[in-house]
Amino acid sequence: MDLGAYEFGIGDFDCDGSVGPSDLADWAGCCNGPGKKSVAPGCEAFDFNADTDVDLADFAGFVRAFLAP
Ligand SMILES: [Ca+2]
Ligand SMILES: [Ca+2]
């Protein structure tokens, strides 16, 4: 089954198997603020709450994934 951007888990933008500093570096390019109706291609990995935007609510999820083992 092809899970696309979620192959290695949400938040793992570069698909290296973990959520780490390299993923954080890509965050700014994906963050588009609340209330947007689409997520830029490839940025689905950062839409933690699946509400079709990448905002600070998603960043909270990213930090949780970042800090989790
Ligand atoms: Ca990664
Ligand atoms: Ca979101």
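# Exercises on a predicted fold

Val63 is partly exposed, with 14 other C-beta atoms within 10 Å of its own. The model is predicted, and every value below is computed from it.

**Exercise 1. Place Val63 in the structure, and state which class of burial it has and why.**

Step 1. Find the element. Val63 sits in helix α2, which spans residues 56–67.
Step 2. Apply the cut-offs. Buried needs 20 or more neighbours, and exposed needs 12 or fewer.
Step 3. Classify. Val63 has 14 C-beta neighbours within 10 Å, so it is partly exposed.
Step 4. Look along the chain. Val19 is 44 residues away from Val63 in sequence, yet their C-alpha atoms are 9.0 Å apart.

**Exercise 2. State how many helices and strands the protein has, and how confident the prediction is.**

Step 1. Count the elements. There are 2 helices and 0 strands.
Step 2. Locate the helices. Helix α1 covers 21–30, and helix α2 covers 56–67.
Step 3. Check the confidence. Mean pLDDT is 87, and 87% of the residues reach at least 70.
Step 4. Mark the weak stretch. Over residues 1–7, pLDDT stays under 50. For this stretch the model has 5 contacts beyond four places in sequence.

**Exercise 3. Decide whether Gly11 is buried or exposed, and list what it touches.**

Step 1. Place the residue. Gly11 belongs to the segment before α1.
Step 2. Count neighbours. Gly11 is buried because 24 C-beta atoms lie inside 10 Å.
Step 3. List the contacts, leaving out residues up to four places away in sequence. Gly11 touches Val19, Asp23, Ala45, Phe46, Phe48, Phe62 and Ala65.
Step 4. Add a long-range pair. Gly11 and Phe66 are 55 residues apart along the chain, with 8.1 Å between their C-alpha atoms.
Step 5. Turn to Phe66 again. Its C-alpha atom is 8.2 Å from that of Pro21, 45 residues away in sequence.

**Exercise 4. Which residues form the largest nonpolar core?**

Step 1. Recall the tendency. In soluble globular proteins, nonpolar side chains tend to be buried together.
Step 2. Name the members. The largest core has 8 residues: Phe13, Val19, Val39, Cys43, Ala45, Phe46, Val54 and Phe62.
Step 3. Follow one member. Beyond four places in sequence, Phe13 touches Asp23, Asp26, Ala45 and Phe46.
Step 4. Set the core in context. Buried residues are 20% of the 69 in the protein. Of the contacts between residues at least 6 apart in sequence, 32% join residues at least 24 apart.

**Exercise 5. Pro21 and Pro41: where does each lie, and is each buried or exposed?**

Step 1. Place Pro21. It is part of helix α1.
Step 2. Classify Pro21. It has 7 C-beta neighbours inside 10 Å, so it is exposed.
Step 3. Place Pro41. It lies in the loop between α1 and α2.
Step 4. Classify Pro41. It is exposed, because 7 other C-beta atoms lie within 10 Å.
Step 5. Add a pair for Pro41. Cys30 is 11 residues away along the chain, and the C-alpha atoms of the two are separated by 9.0 Å.

**Exercise 6. What is unusual about the phi angles of Cys15 and Ala50?**

Step 1. Recall the background. Most residues other than glycine have a negative phi.
Step 2. Read Cys15. Its phi is positive, about 55 degrees, although Cys15 is not a glycine.
Step 3. Read Ala50. Its phi is also positive, near 55 degrees.
Step 4. Place both. Cys15 falls in the segment before α1, while Ala50 falls in the loop between α1 and α2.
Step 5. Classify both. Cys15 has 14 other C-beta atoms within 10 Å, so it is partly exposed. Ala50 has 10, so it is exposed.

Definitions and conventions: Residues numbered from 1 in each chain as written. Chains lettered and ligands numbered in written order. Predicted model: local features only at pLDDT ≥ 70, side-chain atom pairs only at ≥ 80, totals over all residues. Helix = DSSP H or I, 4+ residues; strand = E, 2+ residues; numbered from the N terminus. Contact = placed C-beta atoms within 7 Å. pLDDT = per-residue confidence, 0-100. Core = buried A, V, L, I, M, F, W, Y, C linked by C-beta atoms within 7 Å.
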